[in-house]
Number of protein chains: 2
Amino acid sequence: VTSTATETKTSQPIGIFDSGVGGLTVVRAVAAMLPSENLVYLGDTARVPYGSKSADTVVRYSVLSTRFLLSHDVKMVLVACNTASAFAMTELRATLPVPVLGAIEPGAAAALAATKTGRIGVLGTLGTVRSEAYPKALRALAGRDVEVMAKACPLLVPLADEGWIDDPVAEAIARRYLTELHAEAPSLDVLLLGCTHYPLLSRMLGRVASQIWAHPVTLVDSAGAMAAAAKAELQRLHLMHESASGTLSTYVTDDARIDEVGSRFLGRPLGSVTRVDL
Amino acid sequence: VTSTATETKTSQPIGIFDSGVGGLTVVRAVAAMLPSENLVYLGDTARVPYGSKSADTVVRYSVLSTRFLLSHDVKMVLVACNTASAFAMTELRATLPVPVLGAIEPGAAAALAATKTGRIGVLGTLGTVRSEAYPKALRALAGRDVEVMAKACPLLVPLADEGWIDDPVAEAIARRYLTELHAEAPSLDVLLLGCTHYPLLSRMLGRVASQIWAHPVTLVDSAGAMAAAAKAELQRLHLMHESASGTLSTYVTDDARIDEVGSRFLGRPLGSVTRVDL
């Protein structure tokens, strides 16, 4: 009898996929929580953004991108992009031969852990909001009544890309979005940042939220929650890498602005980046 | 002797290509100036925007997109997208078997016709500015000394897409860009709107410019200039279509927001749109 199954090795990398550079906020959280893991990152910067595009375009690009990660022999795939997580998880889980974790469920679980009132606001791209992925996940996980109000914030991604962050124009844009959300959800106590770009804006968003809501509002982002979920899944599968320090290999489908913008999201210089055509 | 050459018919359509929906401002200008022409429009909305991407990515997508137009038997191709015009004209002119007109030269000629001081400001995407296509074209066409100062305005496209147009936030963003340009070019008397999205913002941009510059500043966009250039070229080649009213066939590579956003750029309802995968 010949067995063709090959055993997964703990030294195999974790693949992290994003539509662009925003997913480097997830790389940052994963590297902090799992410093021994080898990471392979792919940003689909030639086709970014996904947030304003249709479900089937997002699924098609997500399949292409995760296939590239598989060619790097990854032991697990993290879908950092919230829009890809909102539209493509069913397809990716059905077709990829490794565990796949998305942004939605970890983010939803973190929001539920943080809310006292059971009233949660979600900020995201047009696609993520249109998909209703967060409201569905929140209701499925809650085990109690939750009220969810999602707000599409399409201008926040270009603002973060430009680095207009602690900035009066960025504040004016955030104030408009959050004022509209407040009108719909005056009693929310958690704001879930449902896009990899938003952690860069979280200090500013928190300041504006504290001016708009009369009571404290907790900001939750899915980057830290995804890293914790990845760690739990690796432990469950006995796939944790325990040796010295892990490596990061970064791939992008377009490299026009990667050095300038990438380090802003990673929080440190990005190092070498390889461009690939998919 | 058998001739394989087929004669170009005046009823063949003009192909108009853009990275997304912005090129519908060019469709609007062409339809006004050449009402008998049949038009085939392709917006590469699945891969939009081009403005922040690298030259070779823009060339690759432009080749794919114009090949699609050729399959519709077009007699001429208009490259409405300024970023594609800035990066891909050499490749497209070398490979397409029909006349190809871009946005840069008509826009530059219109700016030169409008300037008295010979000092011209250009607003565009990161890619268009990085390419230096406008300064090169302006200097080549001028036959006299011109001073050109180009300013990348990456947030104007998402603002126009959102329809935040006559709007305090849009004004604040425009004021920042134009104040920075004024510091470099206090004596310009023409602002060339080097992106298909900017005509939607032109009234607001004109208002802000009149507050920043002490003297009158003329705004010029390339949509009208492209339509005039197309008309001249069709006359020169005896390819003008003279019959009744022309048709518009619209194709996009992603249709997520086309009905909502498209009519804003076209200035009237868009009618039926066909999605194609390239």
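The following paragraphs lead through a predicted model, beginning with the relation between chains A and B and moving on to the contacts inside each chain.

When chain B is superposed on chain A, the operation is a rotation of 180° with 0.0 Å of shift along its axis, and the RMSD is 0.0 Å. The two copies are thus related as by a two-fold rotation axis. To find that axis from the side of chain B, one can start at B:Arg47, whose C-alpha is the nearest to the axis in that chain, at a distance of 2.4 Å. The surfaces through which the copies meet fit this picture of paired chains: 100% of the interface residues of chain B are also interface residues in chain A, so the copies meet through the same surface.

The interface itself can be described by its residues and by its area. On the side of chain B, 34 residues are in contact with 34 residues of chain A. The size of an interface is often given as the accessible area lost when the parts come together. Here the area buried between chain B and chain A is about 2600 Å², and carbon and sulfur atoms give 57% of that area. Three residues, B:Leu155, B:Trp164 and B:Arg176, supply 22% of the area that chain B buries against chain A, which is more than any other three residues supply.

Polar and charged groups also meet across this boundary. Between chain B and chain A there are 20 residue pairs in polar contact, counting pairs in which both residues have pLDDT 80 or more, and the interface holds 6 salt bridges. One of the bridges across the interface pairs A:Arg275 with B:Asp56, with 3.0 Å between the closest N and O atoms. Looking at which elements chain B brings to the side that touches chain A, one finds that α2 (55-70), α5 (126-131), α7 (156-162) and α8 (168-184) each supply at least two residues. Of the residues on that side, α8(B) gives the largest share, with 6 residues. By residue class, the side of chain B that touches chain A divides into 16 nonpolar, 5 polar and 13 charged residues.

Over all chains the structure holds 34 salt bridges, and several of those within a chain link separate elements. In chain A, A:Asp166 forms a salt bridge with A:Arg203, the closest N and O atoms lying 2.5 Å apart. Because A:Asp166 sits in the loop between α7 (156-162) and α8 (168-184) while A:Arg203 belongs to helix α9 (residues 202-212), the pair ties together parts of chain A that are 37 residues apart in sequence. A:Asp166 counts as partly exposed, at 42% relative accessibility, whereas A:Arg203 is exposed, with a relative accessible area of 62%.

In chain B, a bridge between strands can be followed from B:Glu147 to B:Arg119, whose closest N and O atoms are 3.4 Å apart. B:Glu147 lies in strand β6 (residues 147-152) and B:Arg119 in strand β5 (residues 119-124), so the pair ties together parts of chain B that are 28 residues apart in sequence. Both partners are partly exposed, B:Glu147 with a relative accessible area of 48% and B:Arg119 with one of 32%.

A further bridge in chain B joins the side chains of B:Arg207 and B:Glu171, at 2.6 Å from N to O. Since B:Arg207 lies in helix α9 (residues 202-212) and B:Glu171 in helix α8, this pair ties together parts of chain B that are 36 residues apart in sequence. B:Arg207 counts as partly exposed at 31% relative accessibility, whereas B:Glu171, at 17%, counts as buried. In chain A, salt bridges that share partners join A:Asp166, A:Glu171, A:Arg175, A:Arg203 and A:Arg207 into one network.

Away from these charged pairs, helix α4 (residues 104-114) of chain B offers a view of buried residues, with B:Ile104, B:Pro106, B:Gly107, B:Ala108, B:Ala111 and B:Leu112 all buried. The elements of chain B against which these buried residues of α4(B) pack are α3 (82-95), β5, α6 (133-142), β7 (190-194), β8 (218-221) and α10 (222-236). In chain A, helix α6 (residues 133-142) contains A:Ala142, and A:Ala142 is buried, with a relative accessible area of 16%.

Terms used
Residues numbered from 1 in each chain as written. Chains lettered and ligands numbered in written order. Predicted model: local features only at pLDDT ≥ 70, side-chain atom pairs only at ≥ 80, totals over all residues. Heavy atoms only, no water. Contact = heavy atoms within 4.5 Å. Buried area = accessible area lost by both parts, 1.4 Å probe. Salt bridge = Lys/Arg side-chain N within 4 Å of Asp/Glu carboxyl O. Polar contact = N/O pair within 3.5 Å; in protein donor to acceptor, adjacent residues only side chain to side chain. Helix = DSSP H or I, 4+ residues; strand = E, 2+ residues; numbered from the N terminus. Nonpolar A, V, L, I, M, F, W, Y, C, P; charged D, E, K, R; others polar. Buried < 20%, exposed > 50% of the residue type's maximum accessible area, 1.4 Å probe, protein only. Least-squares fit on C-alpha atoms with pLDDT ≥ 70 in both.
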